[in-house]
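Have the model open in your viewer, with the chains coloured separately. We will move from one selection to the next, and at each stop I will tell you what is there.

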Amino acid sequence: MRRRPPAAPPRSSPGFAFARRSGKRIAPMIEVVHLSKSYGAIAAVHDLSFSVEAGQVVGFLGPNGAGKSTTLRILAGFLGASSGKVTIAGFDIVDERHEALKRLGYMPETSPLYPEMKVREYLSFRAELKDVLRSKRRTEVGRCLELAQLSDMAEMVIGHLSKGYRQRVGIADALLASPPLLILDEPTAGLDPNQIREVRALIGSLGERHTVLLSTHILSEVEASCSRAIVIAKGRLVAEGSIDAIRGRGRPEVRLVVRGDEAVLRKALGAVDGLGSPAIETRGELLHATATLPGEGLDDADQAVEQVVASLAKVKLGVRSVTTSAASLEEVFAELTGKDDRPPGRSSPAPVAASGAPRGSDEGARRAGAAEEDAS
Amino acid sequence: MRGLFPIFKRELFAHFVTPLAWVAMTAFLLIQGLHFFLIVQHFAGQLDLSADAGPVQTYFGQTMMLYLPLLFVCPVLTMRLFAEERRSGTIEPLLTAPVDTAGVVLGKYLAVVVIYAVMWLPTVLYMVLVGRYGAVDWNVVASGYLAVLAIGAGYLAIGTMTSALARSQLAAALTSAMAIMGLFMLGVGEFIFPEGVGRDLAGHVSAWAQMNDFSRGIVDSRRLVFDATVVALPLFVTVRAVDAWRLE
């Protein structure tokens, strides 16, 4: 999928020396190293490092004001970083701006467009800006109209379009000249449920041919469309990895409904290794107990559940119901982004390591956390 | 200069689909038409004319009516260029396309220069009319238009700059109108200041003096160099300003 540039200017970056020597760019699609951006005294993004491999659909998550749009704007070359480095398909967004920009399609938040132009005119203009040859422009615009399901609206004036269609024009624009990387800032913001479903389906199909980085604060969106997520809060990386790995960071729980004596139940549960101290309440003759399961992820937890049931059976308590629940992504998200005193960046560093990026993100995030503690 | 031509075309298109453009153009032509009518009426009463004081010379060089409208028209033409793109956010897709800032600025600037030229185009008809009833030296007409274009190009560059610096179209129009008027007033200082540096400076930047010369066919390169400065400097500042948004 990745195209090699016809003549890559020699770069001094030692990280890519190997890639250049072998005549092949093995750089990840996006690589962000120690990126910081401040507006005056306010740090919007603080020492952020991550990378995205080619072929992934990655969700960029965070609460409102976490620095998502700022980060994406830097990735797309619209804003300059205060410090740090961004490369797109191996091209530095500052030093090799043009080469980098040619490889990415960017849809800004709310997809701003020229209201006086017709959809086809606008896309044709954008195609020309993106160096699509005149002879191919018409078919290329047609292709993107088709992909974004806009063919019926091609002759409409953009100012008359609904929000959902404007958003699609933005996506069609990002698709022009089929760049290997798509960066979409909140592609489903402000859409109705039907439109959201359509846009998600579209993103899903785009993931087959493009690397996609999409930002959102809606979790179900990430679950629906992404294979990986990067979670930031207050401009810092708090988690990165597959959706399951992130979800696994929340503690699963076991809920029991038992008939019998509370002290006996408490003792029986205390005998199980690694089980959190249970919260027990009495409702009529039944006891409702909730306890967190050991380990991270469900496999460990399943074994603990077996032990719990065995232990309860041994003391002859009447077990009415046993249910386990994985922490929802919402809960994990709230935990990850809600507290800032917790050492961040614990989640699987494997993708970072695999990309050959410096593993400084954890350390940096931790340092940042320490700095904040110092300040407070 | 990547992006220059598509942006140039889009700006032309965007300009001519807005009613404001046609209103400004109509108002401008009404004023110029009235202006020309008054001049012709004045000369119709005179028995003989000296070689360098006919209606053409008067039209280009002897009245304020020619460039007073420019103080208003140029800011209106340019106010939209960057201020509107920033307000609506379209600057973001524009600058994240593989274009360079100089291309964006020049594309937009050249579009307004062309619009400006188109606005003047119908006034050539006046010269044709004069030519039907008397002798017109077309070289003098050409030098008159050259001055109109050169002065206007400078005013438009100033407007482009303020559009990039200001946060709103209105602020852009007001600041460029004030800047242009300031420059014009400084030129008028030629008649006010006592002899010395002040008067020399005023004479050098005077649009009035320039029109006076060019309307009689005196193409003074010093004037053109000054006009080119008034074009280049604001455009340079514009490019830097657009780049600076990214670092704010």
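Begin in chain B with two helices that are oblique to each other, α1(B) and α7(B). Keep in mind as you look that this is a predicted model. To bring up the first helix, select residues 4–16 of chain B; α1(B) packs against α7(B) at an angle of about 40 degrees, with the axes 8 Å apart. The crossing of this pair is right-handed.

Now show side chains along the contact. On the α1(B) side, display B:L4, B:F5, B:I7, B:F8, B:E11, B:L12 and B:H15. They meet a set of α7(B) residues that includes B:G103, B:V104, B:L106, B:G107 and B:K108, and further along B:L110, B:A111, B:V114 and B:I115. Colour the contact by class and you will find eleven nonpolar, three polar and two charged residues.

**Next stop: the other partner of α7(B)**

Keep α7(B), residues 101–120, on screen and add α13(B), residues 221–245. The two axes come within 9 Å and cross at roughly 130 degrees. That angle makes α7(B) oblique to α13(B). Here, too, α7(B) passes its partner in a right-handed crossing.

Which residues of α7(B) meet α13(B)? Select B:T101, B:A102, B:V104, B:V105 and B:Y109, then look across to B:L235, B:T238, B:V239, B:V242 and B:D243 in α13(B). By class, the residues of this contact divide into seven nonpolar, two polar and one charged. Pause on B:V104, which appears in the contact with α13(B) and also in the one with α1(B).

**Next stop: a helix with two faces**

Select residues 124–133 of chain B, which form α8(B), and highlight the buried residues B:Y126, B:M127 and B:V130. Look down the helix axis: these three cover an arc of only 100 degrees, which puts them on the same side of α8(B). An α-helix has 3.6 residues a turn, so residues three or four places apart point the same way.

What covers the buried residues of α8(B)? Add α2 (19–44), α3 (55–62) and α9 (138–165) of chain B, which are among the elements that do so. Then turn to the face pointing away from the buried side, where B:V124, B:L125, B:V128 and B:R132 are exposed.

**Next stop: chain A**

Switch to chain A, which has 14 helices and 14 strands. Of its 376 residues, 44% count as buried. Among contacts in chain A with a separation of 6 or more, 69% are between residues 24 or more positions apart.

For a close-up, centre on A:A172 in α6, residues 163–175 of chain A. Is A:A172 buried or exposed? It counts as buried, because it has 27 C-beta neighbours inside 10 Å, and 20 or more are enough for that label. Leaving aside neighbours within four places in sequence, A:A172 is in contact with A:L123, A:C144, A:L145, A:L147, A:A148 and A:L150. Try a distance label as well: A:A172 and A:E146 are 8.7 Å apart, C-alpha to C-alpha, and 26 residues apart in sequence.

**Last stop: where the chains meet**

Finally, show both chains together and select the interface, in which 22 residues of chain A are in contact with 17 of chain B. On the chain A side, α3 (97–102) and α4 (119–129) each supply at least two residues. The most come from α4(A), with four residues. By class, this side of chain A has eleven nonpolar, four polar and seven charged residues.

Note on methods. Residues numbered from 1 in each chain as written. Chains lettered and ligands numbered in written order. Predicted model: local features only at pLDDT ≥ 70, side-chain atom pairs only at ≥ 80, totals over all residues. Contact = placed C-beta atoms within 7 Å. Nonpolar A, V, L, I, M, F, W, Y, C, P; charged D, E, K, R; others polar. Axes fitted to C-alpha atoms, helices over the stretch in contact; angles between N-to-C directions. Parallel < 35°, antiparallel > 145°, perpendicular 65-115°, else oblique. Left-handed = near helix turned anticlockwise from the far one by under 90°. Buried ≥ 20, exposed ≤ 12 C-beta atoms within 10 Å, placed from the backbone. Arc of directions from axis to C-beta.
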